[in-house]
Amino acid sequence: MTILLDKALTWRDVAHVAEGEDLALSQEAWDRVAYARRIVEALVKNGARAYGITTGVGALSDTVVDREAQSRLSRNIVMSHACGVGPLLARREVRAVIAAQIANFAHGHSGVRPDIVRYLCRFLEADCIPDMPSKGSAGYLIHNAHTALVLIGEGHACVAGERMTGRAALAAIGLEPLVLGAKEGLSLVNGTACSTGLACVALARTERLLDWADAIAAVTLEAAGCQMAAFDEDVLALRPSAGIASVGAALRSRLQGSGIIAAAVGRRLQDALSLRAIPHAHGAARDVFAHACGIVDQELASVTDNPAIAGTPDAPLVWSEAHAVAPALGHAADALGSAIAQVAAMSERRIDRLVNPLVSGLPPFLATDAGSHSGFMIAQYTAAALVNENRRLAAPAATDGGLTSGLQEDFLAHPTAAANKLLAILDNAEQVLAIELMAGVQAQDILAETNSPAIGTLDVHDMVRQHVAIYADDRPLGHDMEVLRQLIAGNPPPPA
């Protein structure tokens, strides 16, 4: 399948490209790219003063660069800005960043040659993955520069799983190194493609995680003998929220017909909040997710290059603006990270209720032979540690400070840091939910001896048991935890 870029991409489009789909531009999009380049060429010919085209960048914006040096300026910008550090981003993240960068150029306000866009599309088609360090960006510039390195035959990339120099990577996919023209170096490092691409990957992971969170919570609710009246449609409607309504409907559907739930009716007047408030916490996360989706789609529909090119070749316009700064994107990623951290924290509390014999009514720590077996005792420790790490990660990046470029850039929004934090929170949340899933299914095995589970939770149970067996302290528990984490990260839950 090929994603066609006409007016703009959506976050789902970018997520599909991240997973391996190709990206193609409509003729109208190609025409926009080419027309903007004609405007840049007219600016160069006329010698007009324009930021990053005939001047330096950042604090050097008042330094004029003559025509002969403009290509060298573009190359030098790439070389000087490629200063990322830390572990490399994974293939999925790099592809998402490249897709978001193509989308920005396709708006027709950057002024790069169509060849630049063709090369980037070829990277996606041939799965040429530039080495892109994960750290160092205060919001933009650095990540994109590492892709640009490969365009000019520098840096390194992986092709067909083999790491090689940028020049060798280009040759492997049938391309020659590009010689950059005026403005192209600046456009290649500019814009919010990095934070936007990473956010698209995070949204795809969040959507799947929230579906799993509801399914796993239903398994735990059944094992705990919950009081379903709290999830009645009329009850939840007292607090209007699309997220709460969605979660409530999912829980009711998945737990319908449960003999375990029926046997527990009236056992308690009300359940603990980690059970009773599932629609509220999961629903809040869904509401924040919906808002974040809108913000990321807004970002993809936006021109985030500076300067922006407009007008005509006869009457060119160069607008110096701040569209490469993305406070809204940073706020959205911060908020979603906080919401997912809360979902994981509630999951850990439910894990404790499953393994704690003081409240569960189940064998201590769900052990098959309590005393000689520890069961899931220490798995709950792991969940608690990951939840604490998420609590630290959930501190907002948007309020961080920082001054760069000799006071020229004296405000930083940190959307890339926010997106990276969100991805790290998702890593931990997937693992916490995997532990709850493992414990909940073990509890279901114990309870199913006396009462029948709901079809909706039995489907979850059977899916898990295709991957891991009942745990009896007979193998390293960490392996089972990782198997189920991968299940959650890569597959949707069975239908409710």
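**Burial, salt bridges and strand pairing**

Visitor: Why does Cys226 count as buried?

Guide: In this predicted model, the relative accessibility of Cys226 is 1%. The term buried applies under 20%, so Cys226 counts as buried.

Visitor: What makes Cys194 buried?

Guide: Cys194 has a relative accessibility of 2%. That value falls under the 20% limit, and Cys194 therefore counts as buried.

Visitor: How do you know that Cys194 forms no disulfide with Cys200?

Guide: A disulfide requires two cysteine sulfur atoms within 2.5 Å. The cysteine sulfur closest to that of Cys194 belongs to Cys200 and lies 11 Å away, which is too far for a bond. The number of disulfides in the structure is 0.

Visitor: Why is the contact between Asp131 and Arg163 called a salt bridge?

Guide: The closest N and O atoms of Asp131 and Arg163 are 2.7 Å apart. The criterion is a side-chain nitrogen of Lys or Arg within 4 Å of a carboxyl oxygen of Asp or Glu, so the pair qualifies. Asp131 belongs to the loop between strands E4 (128-130) and E5 (133-135), whereas Arg163 belongs to strand E7 (residues 162-165); the pair therefore ties together parts 32 residues apart in sequence. Asp131 has a relative accessible area of 11% and is therefore buried. The structure as a whole contains 29 salt bridges.

Visitor: What makes Arg205 and Glu430 a salt bridge, and which helices hold them?

Guide: Their side chains meet at 3.1 Å, N to O. The limit is 4 Å, and the pair is accordingly a salt bridge. Arg205 lies in helix H9 (residues 193-223) and Glu430 in helix H18 (residues 415-447), so that distant parts of the chain, 225 residues apart, are linked. Both Arg205 and Glu430 are buried. These two residues also belong to a network of salt bridges that includes Asp427, Glu482 and Arg485.

Visitor: How do you know that Asp214 and Arg286 form a salt bridge?

Guide: The N to O distance between their side chains is 2.9 Å, and the cut-off is 4 Å. The link again joins distant parts of the chain: Asp214 is in helix H9 and Arg286 in helix H14 (residues 278-300), 72 residues apart. With a relative accessible area of 5%, Asp214 is buried. For Arg286 the value is 19%; the limit is under 20%, so Arg286 is buried too.

Visitor: What makes Glu436 buried, and which residues does Glu436 contact?

Guide: Glu436, a residue of helix H18, has a relative accessible area of 0% and is therefore buried. Apart from neighbours within four places in sequence, its contacts are Ile216, Ala217, Thr220, Ser347, Arg350, Ile351 and Leu354.

Visitor: Why is Gln380 called buried?

Guide: The relative accessible area of Gln380 is 13%. Buried means under 20%, so the term applies to Gln380. This residue is placed in helix H17 (residues 377-393). Beyond neighbours within four places in sequence, Gln380 is in contact with Glu348, Arg349, Ile351, Asp352 and Val355.

Visitor: How do you know that the span of helix H2 is close to the expected value?

Guide: Helix H2 (residues 27-46) comprises 20 residues, and the distance from its first C-alpha to its last is 29 Å. At 1.5 Å a residue, 28 Å is expected, and the two values are close. Buried residues of H2 include Trp30, Val33, Arg37 and Val40. After H2 comes Gly47, with a positive phi near 75°.

Visitor: Why are E4 and E7 called edge strands?

Guide: The order of the open sheet of 3 strands is E4-E6-E7, and the pairing is antiparallel. E4 and E7 each pair on one side only, as edge strands. Neighbouring strands in this sheet are turned by 30° against each other on average, direction ignored. Strand E6 (residues 156-159) and E7 are joined by 4 bridges. Two strands pair when at least two bridges are found between them, so E6 and E7 satisfy the criterion.

Visitor: What makes E1 and E2 a pair, and in which sense do they run?

Guide: Strand E1 (residues 2-5) is joined to E2 by 4 bridges in the parallel sense. The minimum is two bridges, so the two strands count as paired. Ile3 has Leu23 in E2 as its bridge partner. In strand E2 (residues 22-25), Leu23 and Leu25 point to one face and are buried, while Asp22 and Ala24 point to the other and are not buried.

Methods: Residues numbered from 1 in each chain as written. Predicted model: local features only at pLDDT ≥ 70, side-chain atom pairs only at ≥ 80, totals over all residues. Heavy atoms only, no water. Expected span 1.5 Å × (residues − 1). Buried < 20%, exposed > 50% of the residue type's maximum accessible area, 1.4 Å probe, protein only. Axes fitted to C-alpha atoms, helices over the stretch in contact; angles between N-to-C directions. Contact = heavy atoms within 4.5 Å.
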